Amino acid sequence: MQMTSAEELIAEHIRINGTVQGVGFRPTVWRLAREHDLRGSVWNDAEGVGIDVWGSARQLEQFINALQHDCPPLARIESIRRSPRAVGRVPQAFEIISSLAGGTRTDIAADAAACRACLQEVDDPADRRYRYPFTNCTHCGPRLSIIRTIPYDRVNTSMSSFPMCACCWAEYQNPADRRFHAQPNACPVCGPQVWLESSNGERVGTDATEDAVAAAQKLIAAGEIVAVKGIGGFHLACDACNEEAVQRLRQRKRRYQKAFALMARDLAVIERFAAVGRQERSALQAASAPIVVLEAGGEAVAAGVAPGQTTLGFMLPYTPLHHLLLQGLDRPIVLTSGNRSDEPQCIDNADARSRLAEVADFFLLHNRDIVNRLDDSVLRVAAGDARLLRRARGYAPAPLALPVGFESSTELLAMGGELKNSFCLVKGGRAVLSQHMGDLENAATFADYRRNLGLYRTLFDLRPEAIAVDLHPDYLSTQLGRETALAEGIELIEVQHHHAHIAACMAEHRLPLHTTPVLGVAMDGLGYGGDGGLWGGEFLLANYRDYRRLAHFAPVAMPGGVQAMREPWRNTYAYWHQAFGWDWVRENYPDLPIVGLIERKPLSNLSRMIERGINSPPASSCGRLFDAVAATLGICAESQHFEGQAAMQLESLAAPVFQVQSDNAYPFDLPQTQADVEVLHFGSMWQALLEDLAEGTDRSVIAARFHQTICALIEQTAIDLCRKHALAKVVLSGGVFQNRLLLEGVTGRLDASGLRVLSPGAVPANDGGLSLGQAVIAVAKRLKNWERR
């Protein structure tokens, strides 16, 4: 040991918690300890990483600082606890020792994009992993997608079928090697293999000059559709600049309007087709490698890639297989989920052959099983921050530390919503959100949801004392939560939908358990209200435990119920029926195309349904208002093919002139007070909007003025309510705030007023973040009850 004569030898026990196993943490500790001439040992155990270390106080301080600064890329240190120990007998060296047994308390890392070192090997003709599609190390590669149970050892993953060769085993055992204890470690000699098939199941021959991936690349360039088995599921790939191929894929996949995701070889290619800012560049290059929503610009991809949109969703290659597939292609490819519309993504070779046989012309397959389905995550930069729209591959199951006050929380399970579902586990003061599950209305998705609930409970050794569910009695997640709580004899806690949206954002921003109330502004499609009605345009006085409704959009009938979510014209008719009566609209605006369209509908039946309350539930929904305005402007008036299509196209229409119209919002009605709750009506706005339309005002200007109107209405209502109730913080959430114009417009206005504005970023604003809100509300309620005892 290199210590000065004045330095005293001391010994410490160091405990490190967080994502510190399976990510190269112990080799980093070993390397840094040797660099600082320390003695001792490091090991994994049930709580994370333990270290016993001998040296001087100076050396130990330098070691700890270096450990925090040189943390491995996939590791995340949540806490470092140090305690003195007796010096006793000093070890001769610093070593890595065998893991210790015990209950599970450590994290499982998310799947990570291929690191630069691995890609350099893949590209090096002299390297033994040259062009090997499954190259990985402790800094990258599959994690959650391959794990079957704990502990995270090779035998418990889908790599158990591939015993390591002598060379890989030597790397695996060497702490100085970046593949030390890399569970998916493999090479062409001992690891998974890739091959190419035609849609009829016949192997496509390759030779020494062209491997299966290179052959698949040529097929894509030639206009074919290739199903590609990736890390968390299958994708369907075609040339993004080939309109015929894109349209063929749309027809076969039965995905007629929703935008396709794109992958490009590198940033230089992406920048030819879209604007890439500093934050977008950082997100694209991150280990999480999400799809990043960018403003389209420059060269054009096929028109069928993103119909009605001014944005494109791009990602970079995140596995060696994708890296090889894109090599040499100087234009992007479509890389959309490998399924038919509304079905879960295929993960199994046999299932893909069956379900995608009439979609794909060829299949690029491999023999490493995908154990857990992981969709691509989606991110967009808005209001100055990167914001997840879908949290899946690259992010799940990374935990979120809960705010101050939640440390003593008991174990709990929150079931999430019905659409864009995720569920959430609470254990040890932390929340673990599952990956995006999808819409539980689909039987296969619901089955996958149930399987993942079991998997996560096993992986994190969760024994919940309570289950949190949405108030909606018909949600499948709610029904399963009730059944589970009854079967296990544990408490069931019902949580209001929009309160959960607000609480999730509060938790993300680490507002403490006993925080002062906030004004929660929740704008979405629909959620079950505390009064049994359908809510969706809400202003709530909220903390974690309670909420009170202060204001809301005026409820408007949804004629046809669910059908009104699919056919926007129904919402237009309902708004006009309530504000003016249909006869007045027809008399004053007979030449408007939307009036002619609605006039051809069975209006007498619809009127009776609304007046008698037959399958026409009233809803204070912001989402339905967007649908109604979109239909008025001829956007998806007859029908929309996917949730949010009309609103997304309305945003795209408004975007080019949104800022120009910042002082030109439509008028809106003064709020009416009912039972001490303000109700916001839109009659004045509709009349001014119809006048604009009748006078031939450009549709983009009308769309922009509408967006500015909603921004101004939220601003004025929020400021008035904050003054009335002495509130300093406004929390924005709900799926409508995925609209960049609305989020930036409202945030800018409220910031200027001096209010502190919080909005979701690390957790989706849509129902994908609902389970986190359910979880923290349920924990807060239980802690309150405990405090009363």
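**Notebook: burial, contacts and strand pairing in a predicted model**

I looked up cysteine 346 and found it buried, with a relative accessible area of 0%. Buried here means under 20% relative accessible area, exposed over 50%, and partly exposed in between (1.4 Å probe, protein chains only).

Basis of these entries. The model is predicted, and local features need pLDDT of at least 70, side-chain atom pairs count only at pLDDT 80 or more, and totals for chains, interfaces and linings use all residues. Residues are numbered from 1 along each chain as its sequence is written, and side-chain values use heavy atoms, with hydrogens and water left out.

**Entry: cysteines**

I asked how many disulfides a search of the whole structure finds. The search gives 0; a disulfide is counted as a pair of cysteine sulfur atoms within 2.5 Å. A disulfide is a covalent bond between the sulfur atoms of two cysteines.

Why does cysteine 346 form no such bond? The closest cysteine sulfur, in cysteine 238, is 17 Å from the sulfur of cysteine 346, which is too far for a bond. I then checked cysteine 722, which is buried, with a relative accessible area of 4%. Its sulfur is 14 Å from the closest cysteine sulfur, in cysteine 505, again too far for a bond.

**Entry: helix α19**

Helices are DSSP runs of H or I with at least four residues, strands are runs of E with at least two, and both are numbered from the N terminus. Helix α19 spans residues 622-632 and is mostly covered, with 11 of its 11 residues buried. Among the buried residues I noted Cys622, Arg624, Leu625, Phe626 and Asp627.

At the start of α19, a side-chain oxygen of serine 621 comes to within 3.2 Å of the backbone nitrogen of glycine 623. Just after α19, glycine 634 has a positive phi of about 85 degrees.

**Entry: isoleucine 710**

Isoleucine 710 lies in helix α22 (residues 699-725). I asked whether isoleucine 710 is buried or exposed. It is buried, with a relative accessible area of 0%.

Not counting residues up to four places away in sequence, isoleucine 710 touches Leu625, Phe626, Phe682 and Leu742; contact means heavy atoms within 4.5 Å. Leu625 and Phe626 are also among the buried residues of α19. I also recorded a C-alpha separation of 9.1 Å between isoleucine 710 and glycine 745, which are 35 residues apart along the chain.

**Entry: aspartate 692**

Aspartate 692 is in helix α21 (residues 683-694) and counts as buried at 10% relative accessibility. Which residue has a side chain joined to that of aspartate 692 by a polar contact? The partner is arginine 705, at 2.8 Å. A polar contact is a pair of N or O atoms within 3.5 Å; within protein, one must be able to donate a hydrogen and the other to accept it, and residues adjacent in sequence count only if both atoms are side-chain atoms.

Leaving aside neighbours within four places in sequence, I found aspartate 692 in contact with Tyr666, Thr697, Ile702 and Arg705. The C-alpha atoms of aspartate 692 and isoleucine 702 are 7.0 Å apart, with their positions 10 residues apart along the chain counted as the separation.

**Entry: histidine 323**

Histidine 323 is placed in helix α9 (residues 320-326) and counts as buried at 17% relative accessibility. Its side chain makes a polar contact of 3.1 Å with the side chain of aspartate 123. Outside four places in sequence, histidine 323 is in contact with Leu119, Val122, Asp123 and Pro317.

**Entry: backbone in loops**

I looked up the peptide bond from alanine 396 to proline 397 and found it cis, with omega near 5 degrees. Proline 397 is in the loop between β16 (385-390) and β17 (399-401).

Aspartate 342 has phi near 75 degrees, a positive value in a residue other than glycine. Aspartate 342 is in the loop between β13 (333-337) and α10 (349-355) and is exposed, with a relative accessible area of 66%. Aspartate 676, in the loop between β28 (672-674) and β29 (677-680), likewise has a positive phi, near 70 degrees.

**Entry: open sheet**

I traced an open sheet of 6 strands in the order β17-β20-β19-β18-β21-β22, with mixed pairing. The edge strands are β17 and β22 (491-495), and each pairs on one side only. Two strands pair if DSSP finds at least two bridges between them.

Strand β21 (residues 466-470) runs parallel to β22 and is joined to it by 5 bridges. Aspartate 470 stands opposite valine 495 in β22.
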